[in-house]
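Student: I should like to learn how to read the architecture of a folded chain. May we work through one example together?

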Amino acid sequence: MEPELLRRGKEFHRRVQRDWSGTVEGAAVHAEKTISFPPAASATAKRLRHGRLDIFIDLLGDFVTVVEIKATAWDAVLDRNRRKLLAAHCRQIFRYVDKYLDHDKVSVFAGIIYPTSPSTPGLKDLVETYMNDNALQVVWYDDK
């Protein structure tokens, strides 16, 4: 039996992917797209690393779209851990963005989807400002 928090997170993840299925402006939407990262030039290991994109949208004009889904309940995150968690979310998305920019030579639109905006005063602004300062779009899914 999995913990309730994990079950709710997986359920949110599936719901968002189901809602995004199909096409956007004629470009295919891929859920759970596996990508390979070439080894870094300085790496001694020659094997590929792999990642999994929650949502990937093929070329729309001259760019691709990378979307990460996080079921983070921001009101429950301790104040001292918020920036560390935001930084971890950014690092994960930037690994995907860098792959497309540096290796595939294509522009990238990147974003992150959270379930609902936090009710804690100032917290929504903190999350949005942090992500926007890092060129990432934030969507509060159930606030739409």
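**Reading the sheet, the helices and the cores**

Tutor: Let us begin with a single pair: Gly111 has Gln137, in strand 6, as its bridge partner. Two strands pair if DSSP finds at least two bridges between them. Strand 5 and strand 6 pair in the parallel sense over 4 bridges.

Student: On what conventions does this description rest?

Tutor: The model is predicted, and local features need pLDDT of at least 70, side-chain atom pairs count only at pLDDT 80 or more, while totals for chains, interfaces and linings use all residues. Residues are numbered from 1 along each chain as its sequence is written, and side-chain values use heavy atoms, with hydrogens and water left out.

Student: How many helices and strands are there in the protein chain?

Tutor: Helices (H or I, at least four residues) and strands (E, at least two) are DSSP runs, numbered from the N terminus. The protein chain has 3 helices and 6 strands, and their pattern along the sequence is α-β-β-β-β-α-β-α-β.

Student: In what order do the strands form the sheet?

Tutor: The order is 1-2-3-4-5-6, in an open sheet with mixed pairing. Strand 1 (23-24) and strand 6 are the edge strands, each pairing on one side only.

Student: Which strands does helix 3 lie across?

Tutor: Axes are lines fitted to C-alpha atoms, for helices over the stretch in contact (heavy atoms within 4.5 Å). Angles run from 0 to 180 degrees between N-to-C directions. Helix 3 lies across strand 5 and strand 6, at about 150° to strand 6. Helix 1 (residues 4-20) lies across strands 2 to 5, running at about 30° to strand 3 (49-60).

Student: Which residues have the most contacts inside the largest nonpolar core?

Tutor: A nonpolar core is a set of buried Ala, Val, Leu, Ile, Met, Phe, Trp, Tyr and Cys residues joined through side-chain atoms within 4.5 Å; buried means under 20% relative accessible area (1.4 Å probe, protein chains only). The largest core has 17 residues, and Trp74, Leu86, Tyr114, Val127 and Met131 have the most contacts inside it. Helix 2 (79-103), strand 5 (107-114), helix 3 (123-133) and strand 6 (137-140) each supply at least two of its residues. Helix 2 gives the most, with 5 residues.

Student: What does Met131 touch?

Tutor: Leaving aside residues up to four places away in sequence, Met131 touches Leu86, His89, Cys90, Ile112, Tyr114, Leu136 and Val138. A second, separate core of 11 residues includes Ala27, Ile55, Ile69 and Tyr141.

Technical notes:
Buried means under 20% relative accessible area, exposed over 50%, partly exposed in between (1.4 Å probe, protein chains only).
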